[in-house]
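Biologist: I would like to take a careful look at a single part of this structure with you. Please go slowly, since I am still learning how to read such a picture.

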Amino acid sequence: MRIIKDPEERKNEILDTAEMLFCTKGYTKTTVNDILNEIGIAKGTFYYYFKSKEEVMDEIITRIIDNDIMMLKEIASNPDIPVIEKFFQILISQRPKVGGSKEKVINQFQQPNNAEMHQKTIVKTILNFTPILTEVVEQGIREGVFNTKYPKETIEFLLVSSECIFDKGMFDWDNDEILQKAKAFVCIMETTLGAHKGSFDFVYNMLTED
């Protein structure tokens, strides 16, 4: 007997199944037919929701980013958290669990043959995170913790540089190079935000502890 599901439920079932296959079998090795067979649906049902496997991956990444945005907004809007602590909690919230689905999805789109998907993810992250982090910087300016005329632009530059320079899918730095770049990044972060020296030492620790 054919099971009729709510459209949103069916769409999420396709996404959940595809994510599982992408993480276990690999994005490039997973076919649309693999997804269909795993769920037990017809091609027409799949193509009703998605045009291609690439669109499915794009939607999976969007779900991850949307979830990250919710966490960021919750931290950023909390008036009881000091500004520097907000940055700390935001960074902690963005670290994928070792062996978790987020880490596995990230590993997939960091593969060389997924460069276009990787680039789209970086752009989405920067565009969505910038306004939230800008609000935190503006709070810091009001409280005298930061001193910059360009809160939004500063965040954009910091996000772009961190998303690229520390991306293992783009660069294969050795340990010494990572340590040096982490020191430089923290110095640049404190200088551009007008923060006291040592304010972001925790960023260095996070970047170099892996």
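Which residues form one aromatic cluster?

Modeller: Keeping in mind that this is a predicted model, the cluster is formed by Phe87, Phe88, Phe146, Phe200 and Phe202. One of these, Phe202, also belongs to the buried residues of helix H10, which spans residues 201-208, and the others buried there are Val203 and Met206. These buried residues lie on the same side of H10, because they cover an arc of only 105 degrees around the axis. In general, an α-helix has 3.6 residues a turn, so residues three or four places apart point the same way. The buried residues of H10 pack against two other helices, namely helix H5, residues 83-93, and helix H9, residues 175-193.

Beyond this cluster, the structure holds 11 aromatic pairs, and one that is worth following by eye is the pair of Phe46 and Tyr47, which is edge-to-face, with 5.1 Å centre to centre and 85 degrees between the planes. Within this pair Phe46 is buried, with a relative accessible area of 0%, whereas Tyr47 is partly exposed, with a relative accessible area of 42%. Tyr48 and Tyr49 form an edge-to-face pair as well, with 4.9 Å centre to centre and 85 degrees between the planes, and Tyr48 counts as exposed at 63% relative accessibility.

Aromatic rings also have charged partners here: the charged end of Lys181 sits over the ring of Trp173, 4.1 Å from its centre, while Lys53 lies over the face of Tyr27, at 4.3 Å from the ring centre.

Methods:
Residues are numbered from 1 along each chain as its sequence is written. This is a predicted model: local features need pLDDT of at least 70, side-chain atom pairs count only at pLDDT 80 or more; totals for chains, interfaces and linings use all residues. Side-chain values use heavy atoms; hydrogens and water are left out. Buried means under 20% relative accessible area, exposed over 50%, partly exposed in between (1.4 Å probe, protein chains only). Helices (H or I, at least four residues) and strands (E, at least two) are DSSP runs, numbered from the N terminus. The arc is that of the directions from the helix axis to the C-beta atoms. Contact means heavy atoms within 4.5 Å. Rings of Phe, Tyr and Trp (its six-membered ring) pair if their centres lie within 6.5 Å; planes under 30 degrees apart count as stacked, over 60 as edge-to-face and the rest as tilted. A charge sits over a ring if NZ of Lys or CZ of Arg is within 6 Å of the ring centre and within 35 degrees of the ring normal.
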